[in-house]
Amino acid sequence: MEAIIQIEGVTKTFGAKVVAVNDVSLSVKEGEFVTLLGPSGCGKTTILRMVAGFESPDHGRIILGGEDVTDIPPYHRPLNMVFQDFALFPHMTIDENVGYGLKVTGVPQAEASQAVDDVLKMVELTDQRSRRPHLLSGGQRQRAALARALVRKPKVLLLDEPLSSLDANLRAQLRVELKHLHEILGLTFVMVTHDQTEALVMADRVILMQDGRIAQDGTPKEIYEHPNSAYVANFIGTTNLFHGRISAVNDDIVTISSGQHEVRAAANGLGSSIGDDVAVCIRPEKAQILEPGADGIGLNVMTAAVDELLYHGNTIRVQARLASGATFLVDVPLKTPDTQDTLPQKGAQIAVGFAPVNTATFPWEGS
Amino acid sequence: MKLSTRRKLEKYGLLSAPLLWTFVFLFIPYILLFTYSFYLKNFPTFTPAFQFGNYAQIFADPQYYQVIFRSAWIAGSVALLALCLAYPFAYFLVFKIRSSRIRMILYMAVIVPLWVSYLLRAYTWKTILGNEGILNSFLIWAGILSEPSDLFLYNKFSMILTLTYIFIPFTMMPIYTALEKIPRNLTEASKDLGVGPFKTFWSVTLPLSMPGVIAGMTFTFCLASGDFVAPILVGGPDGFMIANVMTSQFGAALNWPLGSALAMIMLVVVLSIISASDNFQRAGKLELG
């Protein structure tokens, strides 16, 4: 498939010192659902605003559907945006809000009202159409904003934290609705979010940003299972990290000496060699507590003391301390109501284990 | 004592001083003025009565109703001119100046003249526009005029100019506030929907700033229509306004009943304008964001 958005070496600085986006290049294929993920200040919103045309890059080019739009104002770009606080016009009804762009840009009346009818039907807001935005609930406003952005049939839909002002339940529901909408319309969606769950659940591809640069670009699964840095591993989900040097390489398994622990880990095709400074990441749900006396063949086994048991409802997180003093987390699924009773108590000595195939290894870049 | 009773007492206790002040210095004078407006003039005093002769005289005598119209005309022009100057300036400050420091400095530049004596500010224009004033000297120096012109002073033009200068901060402040309150992403949303800057201003920014426009124009109109210093300093016979007529009725003419009737009419006019603008604002009041 063809790239619909191409960002080439884009840099954006605010004021004298703040580099919001630092030489970023990326491309988005037609029909893809891409999320730009990262903490506040990582540059994700600035990228979106540059694609929309509200900011212009200091360096680099932005190409939309083969056309260089770097110097084209937002009102001439073939895309639409759903704003963070929806940005519905308070002095217009929902109908007028949705039809606004069509009316002002001179689309014939009949055609415009047909388009408004269709899009309102699609987001199920037909019965609210003559009301002003402040009378609508958060979810309805969100759908109205979506309708307004879709009514002009844009090539690309930009979404700036579209769910962040909604409460948790509604957010979960709208995630699914947005995902469905993307599938039905086949449009290209680019969404900015700081919520990792949102990014993982909704997107085909996640671009994780750090300090104005792309930290990792991949499918949700790649990002979660194979983080390429400690930053990514820590940002997405929770992780246990072992930092050390490679002491042995054996096919696709590397052995790492991390203080007093020897950890065997997946080599990740890094082409690592002995002496490399690396980190190994193991997710808490992929580690396990070994039964007393179990041999744990093929696993990395370590002894630890239970510090804390954190009840999460569906799992219980065991926070344990390794001999080295580092904290190690293990998530134990609570499949039956009794699972909890069989768990070790606070202070108990346990053995934790994890398989090398479940780990991810990446070069250590300090800190 | 019950807590709710105590709260009530506290509330009225706190309000008592301002209430007393309002009652003694505003409410009672208005009642006196209202009563006087029905009295009979009996030079050099007046006798209590209840008759509408004073009001009838105002509506019958062109000398009076014309001055009311002229005051309204001048105040209306002042409000309009002030709007035409203040709106672009406020817009420029809010949307075009990025540094909040410079914005504050420019904003203060408009507000600071309010700290200077009102009389002085009106008088300044006399020295600018007068026969031997700065404007005439400049035009002669520049060779545009050969001798001083007295076209600049003592007419409606000088009145409107001076009053606009004096009251423009009252137009600017509410417009500035209204513009500042408009979320920036609304204009962005408009542009995102394919609407250019001019139409965006026309269909988003302007409607959303209307409450400020109405408030600013109302302030300026009411303040300008009751002014009596500018007419004396720069107005001349052509710029005589309602407040000057009232002053003379209470002073030289010694006709308090007629002066009171004029005052009551102006009070009604101003109150209706304020309440109309209030209604208008409330109807257009919008929940932003």
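This is a chat about a predicted model with chains A and B.

Colleague: Which residue numbers does strand E18 of chain A cover, and which way do its side chains point?

Modeller: Strand E18 of chain A covers residues 327-333, and its side chains alternate, with Phe328(A), Val330(A) and Val332(A) on one face, where they are buried, while Thr327(A), Leu329(A), Asp331(A) and Pro333(A) point to the other face and are not buried.

Colleague: Why would they alternate?

Modeller: Because in a regular strand the side chains alternate between the two faces of the sheet.

Colleague: What joins E18(A) to strand E17 of chain A?

Modeller: Seven bridges join E18(A) to E17(A), which spans residues 315-322, and the two run antiparallel. Among the paired residues, Gln319(A) has Leu329(A) as its bridge partner, and Arg317(A) has Asp331(A). Both of those partners, Leu329(A) and Asp331(A), belong to the face of E18(A) whose side chains are not buried.

Colleague: And how many residues lie between E17(A) and E18(A)?

Modeller: Four residues lie between them in what is a hairpin, and Gly325(A), in the turn, has a positive phi of about 100°.

Colleague: What is the strand order in the sheet?

Modeller: In chain A the order is E15-E19-E16-E17-E18, five strands in an open sheet with antiparallel pairing. E15(A), residues 287-290, and E18(A) stand at the edges with a single partner strand each, so one side of each has no neighbour in the sheet. Direction ignored, neighbouring strands are turned by 45° against each other on average.

Colleague: Changing topic, how many residues of chain B are in contact with chain A?

Modeller: There are 20 residues of chain B in contact with 19 residues of chain A. On the chain B side, helix H8 (184-192) and helix H9 (197-225) each supply at least two residues, and H8(B) gives the most, with six.

Colleague: What classes of residue make up that side of chain B?

Modeller: By class, the side of chain B that touches chain A has 10 nonpolar, five polar and five charged residues.

Colleague: And the largest nonpolar core, which residues have the most contacts inside it?

Modeller: Those are Ala147(A), Leu158(A) and Val190(A), in a core of 153 residues. The largest share of this core, 15 residues, comes from helix H7 of chain B, residues 156-181.

Colleague: What does Val190(A) touch?

Modeller: Leaving aside residues up to four places away in sequence, Val190(A) touches Ile5(A), Val28(A), Val34(A), Leu36(A), Leu48(A), Val51(A), Val156(A) and Leu158(A).

Methods: Residues numbered from 1 in each chain as written. Chains lettered and ligands numbered in written order. Predicted model: local features only at pLDDT ≥ 70, side-chain atom pairs only at ≥ 80, totals over all residues. Contact = placed C-beta atoms within 7 Å. Nonpolar A, V, L, I, M, F, W, Y, C, P; charged D, E, K, R; others polar. Core = buried A, V, L, I, M, F, W, Y, C linked by C-beta atoms within 7 Å. Buried ≥ 20, exposed ≤ 12 C-beta atoms within 10 Å, placed from the backbone. Pairing = 2+ DSSP bridges. Axes fitted to C-alpha atoms, helices over the stretch in contact; angles between N-to-C directions.
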